[in-house]
Amino acid sequence: MAPNVQTIADLTTRTRVTTGDVPPPLVGATTTVIGNQMFVFAGRLVTTRRMTNDMYILNLETLEWTRFIPPPGAERPPRPRYFHSANAYDNQLVIFGGMGYSRSSEDGLCALDDVCVFDVAKMEWRYGSIAPTLYNARARYAHLSSVSGNLLVIVGGQDMNNQYIPEINVFNIEKWEWIQVRTLSKQCGAYRSVCVSAELPAGILEGDAAAAGDYGFEDVTTPTSGKRQDSLKSGVSSDVSANYRMSYTPVATSAAKDSHSPIFLYSNYNFTDVQRELQMFAPPIKTSQFQLKDRSNEMSGTTLPPGLRFPSGHMLGYHMILAGTYLTPQHQVFQLWSLNISNLIWTKMETGASLSTGSWNRGVLHEAANQFLVFGNRDRSLLDDYNHRQTNFEHVVVINTECFGIYQPPKPSFAPVAQEMGLSMLNDTGMADFEILTRDGVTIPVNSMILAQRWPYFKKLLETSKEDLEIDEKEAPESPNTPPASRKVTLSPNRRTMLLPEPYSIVFALLQFFYADNLLTAQQHQPNVLAQLLILSDMYSIPRLKKLASHALHQMLTLSTASLIYETAALSNEHPLQVRALKVMINAKKAMALQAAASQASSPTTPKPNNLNLSSLSISMPRSATPMLNTGLNTPSTPSYKQPSEAGSSFFDFPAVVQPPVTPVASPPPQPGTFFSLSSSKPKTPPAASKKAAANTTKEKDSDSVSVGTKKGKAMTPAERRKAQERLLNNYGPANMSFGF
């Protein structure tokens with residue numbers, strides 16, 4: 001590759017310099033992320049070979065280091081050590097084991113078996129006495145550890161004779177006691193293995209009962225009607241044509257400390273002929289025993305990870321991220337791989353040129369920002385630092401994991417029954433005190449209190465109208481022939497309607513979100529509807545809708561929807577989604593070129609085609625890197641992906657959107673964001689007016705659109721964005737889902 005040429009992989013990463021009290025190069029130090037901070041504890045200094053018990057804290061937003069020194073009179077930090085473990089639990093840092101100093105041994109070293117806690121909120125160390133039991137963990141270093149619920153699980157490691165310890169120990173952090181031990185037939189340690197717990201929703205591990213009911217997960221496949229009807233009699237519709245709830249996120253469960261997640265144990269060894277092993281086990285609950293299952297033979301992928309030395313494992317969403325050093329005579333590089341837990345398929349995370357040069361030593365996950373951070377020094381040699389087991393902290397490569405479809409899905413804010421109740425309230429016109437008028441003349445009765453609670457822009461309009469009411473109350477009524485552009489935003493007891501200049505299907509899907517605080521119905525999950533919801537969420541600053549719509553579009557990213565999603569993501573400033581869509585289109589274009597070359601080679605006399613039909617490609621591509629959960633995809637009324645038809649287009653088949661009868665509107669609707677008077681509070685269509693006024697309204701619809709507000713880095717005006725939105729809907733409606741290059 002030519003120098004200074006940027007690839008699409010480079011769009012996912014950036015290299016930054018850390019500042020402040022940067023830690024010195026260390027061996028065997030731990031790096032643990034809690035919230036927006038990373039804690040580096042202990043380790044051995046490279047320059048003096050002396051072990052330390054220093055604590056360094058990195059602000060992950062500013063990338064500034066500070067060294068923590070306990071104030072006078074506070075508890076002293078634990079003994080100096082390295083190759084210990086440090087895990088996050090309930091805003092605390094739990095330290096176990098490692099290698100430290102000893103006055104009794106000949107070499108002055110010993111393995112440790114102590115447990116101590118650093119309270120992040122109070123910024124102080126805390127210790128406790130542990131009663132001896134048959135389950136106590138043996139002293140060790142270079143072991144693995146993970147937290148599942150309120151349990152600290154210690155796996156493997158080595159003793160002072162460098163022998164692997166074949167056992168798993170479980171420590172109850174709340175009760176401060178060792179509660180279980182199990183023999184392990186594998187040799188596991190920090191040099192070759194990773195151990196990570198996964199809080200997964202029901203259904204992610206098909207056939208594993210231990211991964212569902214035993215851990216407090218709940219299946220969410222109850223059908224919920226998304227149709228506009230009089231009411232939901234029993235809360236659940238039995239109509240086979242109902243739009244089923246499509247929730248990809250886990251149900252809200254009890255506190256994390258009360259539930260125990262399964263733990264994944266991955267090992268690679270024999271680096272000349274790499275062997276890979278994957279076990280999943282559940283820590284014991286109460287008096288039950290371990291449940292261990294070998295899934296090594298179930299792993300697959302186009303390519304599998306090579307042997308990674310000193311790997312680290314991290315769970316984000318439905319993926320396990322594996323990071324480590326890959327060393328061969330030809331390659332010395334830090335690599336990232338992801339394992340989709342739903343199907344156990346490995347995928348390499350291409351990070352561009354950022355990690356191809358320099359010394360990159362340690363990776364950590366910043367879950368809150370969907371970022372993976374790799375620390376090192378871009379000016380040093382990876383091979384030299386690896387030989388010294390050295391970790392550097394001067395530079396960091398920030399990788400946006402959402403660009404790979406790896407991210408934390410939005411969590412439900414309410415229980416499923418509450419969401420279903422919200423949808424039923426939208427169908428109940430008796431609770432409505434306001435009306436939303438769509439662009440095609442349909443009025444939808446709504447409750448203004450619910451909209452004001454969920455939609456800040458609507459609340460602001462109501463407050464502004466109440467302020468204008470005092471001035472406007474005694475003024476003469478406006479003439480029906482007054483042009484819409486001259487009308488003010490006013491509100492009085494009989495002025496209870498607002499125009500939202502979108503089609504009925506888009507407005508109703510938006511209202512369903514406001515009432516349920518989630519995207520639940522099949523109607524909301526049509527690609528063109530999701531695209532419009534994403535744009536509206538950016539226009540009106542609705543963060544939760546933006547996360548939900550972006551998440552759903554990640555699920556629906558295919559060859560036929562990539563162009564629509566790419567343009568939508570560009571208009572709504574969703575960079576990760578835009579990059580993913582661009583990857584799909586570029587890969588498709590490459591496949592088309594290869595197909596054309598193969599066709600020409602087999603038929604030399606055939607002229608080169610001018611236009612290639614994308615849908616004619618027989619490419620096996622996953623619909624998404626994130627599995628679709630609890631969507632009811634096996635039901636006849638939920639969307640299903642259809643193969644290319646004779647016409648040559650691939651598309652999703654969704655249930656038809658059920659709409660109420662549209663009453664023709666001859667009068668001009670008010671300008672967007674304005675209220676107009678109705679003689680009754682019951683749903684009605686606007687009064688008749690001249691065709692000329694209607695034409696004026698149509699002409700001014702763009703310029704009179706609701707104000708979006710200026711954002712940094714945006715060049716589009718509201719009118720331009722409205723035109724782009726209209727063009728997007730016209731170009732990529734349900735009948736136009738294919739794209740070309």
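Q: Before I look at single strands, what does "buried" mean here?
A: A residue is called buried when its relative accessible area is under 20%. Keep in mind that this is a predicted model. Take strand S24, residues 359–366: seven of its eight residues are buried, so by that cut-off the strand is mostly covered.

Q: And how much of the protein as a whole counts as buried?
A: Of its 741 residues, 54% do. The protein still exposes about 33600 Å², with carbon and sulfur atoms supplying 51% of that area.

Q: Which strand is joined to S24, and how do the two run?
A: Look for bridges between strands, then check the direction. S24 is joined by seven bridges to strand S25, residues 371–377, and the pair runs antiparallel. To find one bridge yourself, start at Arg-362 and go across to Phe-375, its partner in S25.

Q: What links S24 and S25?
A: They make a hairpin, with four residues between the two strands. In that turn, pick out Asn-370: its phi is positive, about 50°.

Q: How do I read two helices that meet, say H5 and H6?
A: Check the axes, then the side that touches. The axes of H5 (residues 504–516) and H6 (residues 527–539) come within 10 Å and cross at roughly 65°. The crossing is right-handed.

Q: Which residues of H5 and H6 meet there?
A: From H5, you'll find Ile-506, Ala-509 and Leu-510; from H6, Asn-528, Val-529, Gln-532, Leu-533 and Leu-536. Sorted by class, this contact has six nonpolar residues, two polar ones and no charged ones.

Methods:
Residues numbered from 1 in each chain as written. Predicted model: local features only at pLDDT ≥ 70, side-chain atom pairs only at ≥ 80, totals over all residues. Heavy atoms only, no water. Buried < 20%, exposed > 50% of the residue type's maximum accessible area, 1.4 Å probe, protein only. Areas by Shrake-Rupley, 256 points an atom, 1.4 Å probe, with all protein chains shown as cover. Pairing = 2+ DSSP bridges. Axes fitted to C-alpha atoms, helices over the stretch in contact; angles between N-to-C directions. Left-handed = near helix turned anticlockwise from the far one by under 90°. Contact = heavy atoms within 4.5 Å. Nonpolar A, V, L, I, M, F, W, Y, C, P; charged D, E, K, R; others polar.
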